[in-house]
Amino acid sequence: MPQNVPEELSRIIETLYRSESGRILATLARLLGDLEIAEEAMHEAFAAALSVWPTSGVPDNPRPWLISTARFKAIDTLRRRARFDASQDELVRYLEARGSSVEGSEEEDTIEDDRLRLIFTCCHPSLPLEARVALTLREVCRLATEEIAKAFLTTPSTLAQRIVRAKAKIRDSSIRYEVPSPQQLPERLDAVLQVIYLVFNEGYSAAAGAKVTRAELTGEAIRLGRLVSELLPEPEVLGLLSLMLLQESRRVARTSQTGELILLENQVRSLWNQEQIAEGVALLEKALKSHRFGSYTLQAAIAAVHAEAESVAMTDWRQIVALYDRLLQIQPSPVVRLNRAVAIAMRDGPEAGLAHIDAVLAHGELANYYLAHSARAEMYRRLGRTTEARSSYGKALELTQQEPERRFLQERIRQLK
Amino acid sequence: MQALPTQYGGTIKYICLGYYDKGKFDGMTEDQRNAMFDLCFEYDDHLRANGHWAGGEALQPSETALTLHWKNGKVATTDGPYAETKEQLGGILVLEARDMNHAVQLIAQHPALTYGNSFEIRPAGDMSEIIKQSEQRRRKVTAR
């Protein structure tokens, strides 16, 4: 270990690690075809920089230096392994044969494609969703296992094994580091967006509690959405980024200082983040213009109608119901149906809303969904039918374990006269 | 939330407890043992060279141990413990890694594993906050 690395040089290397390790790892994953070898080789290359650069000076272009050093380190590692694991022999020969063609391919386009390749690999549909999420946060967002475990309320050893198994699956089923073909793109992209939105929602639904770490996930999801939208500006990618920004814009307004949930109708709208709203709306317009948009864009459009309204009363509920109608055509889920019913209540009054909510509940799928019962209670409350309201709030309370939501429902029950 | 390179304190210490099967080890020839040692020590050197090695010791067999405990208001000592299981703790290794998966990856390549040995990896506990509070309590006592 080098003992006396000048402070300025440590800072340079540290900054390089922060800004470049994601890109370097992605390129190495493609070159070496294995995420674990890539990661180890990258750390060894940074260690080599620490011992070599104090005398040799920082190379003019550090990234290719680190990549090529890492490649040699990887070959050393594989040679060492080959001594007790013959299956590595072939890999060593393969890597050596690819030789220095690598250094020639340092075009900016290739590097950016590498990041996209890594994202598509980590989000491969043959991996379970929770493994995809863990892998993406670790390998693309570069979070530590322990941080991810904390954010998802699980133990580091459980999460570590999830990642180990996912990597083994990538290796064993020979999932390649590549951007999918245009034919496969819709399905593969969908798997990526699903991961990003799950990360966002984990953070968003926790934002009401005191669990700051979980709330940071929304920031991570937005960063990830931004990255994908820069690399692959497909309409639904823009739609999802827009949706996340529009939801995030209400973050400060949706919880009180004591951590209580505040409903949309009671939020102080001047607290909404106008910068995020403007960015979200601009992205939305771009996505809508493409005429190739899907459910994320439509959800963003609904969020935008809210974002641009001065109050609940001034909201264009007609427009919102119409957007839900379109959303239902491509995503006929009971939750969408429920949201549409609530929008109809805002447009046509609680009586109409109640009829629609009861129709949704009659299907049975949402029988244990607390929001369905709390929406039903809300209709009864507005109609002045206190007994039914109390009973529906009570049912909702039985069905949720989340503290801020429980407190919210208890408060609603208390306010019933 | 970014991790730092291992050399910059952006690492966590992991204690790796190495277990071995004594019966199996005793049954190895000297050449076999030497081959195993060479591979293991070479890998330890590799860990050192890359800044992952934060210490480690091999342990003598458990029959060389002495255990202290508190009994009837006095310190009592006993021999052992004598391991009842086949697997014995043979050594500890302190690893510096970026996170749990990094530690797993480094230990997964340890040649000792291929000889039927196993490793238990545990993150070091962070006692700094507890120590700080304790120091404050003790300072208060002396100030009185």
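Buried residues here have under 20% relative accessible area, exposed ones over 50%, and partly exposed ones sit in between (1.4 Å probe, protein chains only). With that, E130(A) counts as partly exposed because its relative accessible area is 48%.

A few ground rules. This is a predicted model in which local features need pLDDT of at least 70 and side-chain atom pairs count only at pLDDT 80 or more, while totals for chains, interfaces and linings use all residues. Residues are numbered from 1 along each chain as its sequence is written, chains are lettered from A and ligands numbered from 1 in the order in which they are written, and side-chain values use heavy atoms, with hydrogens and water left out.

**Chain A overall**

Chain A has 20 helices and 0 strands; helices (H or I, at least four residues) and strands (E, at least two) are DSSP runs, numbered from the N terminus. Its C-alpha trace spans about 80 × 45 × 40 Å along the principal axes, and 53% of its 417 residues count as buried. An automatic or database domain assignment cuts the chain into domain 1 (7-104), domain 2 (107-176 + 183-232), domain 3 (237-315) and domain 4 (333-417).

Take domains 3 and 4 of chain A, whose centres are 23 Å apart over C-alpha atoms. Contact (heavy atoms within 4.5 Å) involves 7 residues of domain 3 and 7 residues of domain 4. The buried area, meaning the accessible area (1.4 Å probe) that two parts lose on being put together, summed over both, is about 560 Å² here, with 54% from carbon and sulfur atoms. On the domain 3 side, E260(A), L261(A) and L263(A) supply 65% of the area buried against domain 4, more than any other three residues. Between these two domains there are 0 salt bridges.

**Where the chains meet**

The contact between the chains takes 28 residues from chain B and 34 residues from chain A, and about 3,000 Å² is buried. There are 11 residue pairs in polar contact across it (both at pLDDT 80 or more). A polar contact is a pair of N or O atoms within 3.5 Å; within protein, one must be able to donate a hydrogen and the other to accept it, and residues adjacent in sequence count only if both atoms are side-chain atoms. On the chain B side, the elements giving two or more residues are strand 1 (12-21), helix 2 (30-49) and helix 3 (100-108).

**Salt bridges**

A salt bridge puts a side-chain nitrogen of Lys or Arg within 4 Å of a carboxyl oxygen of Asp or Glu. The whole structure has 33 of them over all chains, and 2 run between chain B and chain A. Here are some of the pairs:

| Pair | Closest N to O |
|---|---|
| R138(A) and D99(B) | 2.6 Å |
| E130(A) and R162(A) | 3.7 Å |
| D325(A) and R340(A) | 2.4 Å |
| K22(B) and D26(B) | 3.0 Å |

R138(A) and D99(B) also belong to a salt-bridge network with E36(A), E39(A), E139(A), R142(A), K167(A) and R98(B). K22(B) and D26(B) are 4 residues apart in helix 1 (residues 22-26) of chain B, about one turn of the helix. K22(B) is partly exposed because its relative accessibility is 23%, and D26(B) is partly exposed at 44%.

**A strand residue in chain B**

T67(B) lies in strand 3 (residues 66-71) of chain B. Its C-alpha atom is 5.3 Å from that of T78(B), 11 residues apart along the chain.
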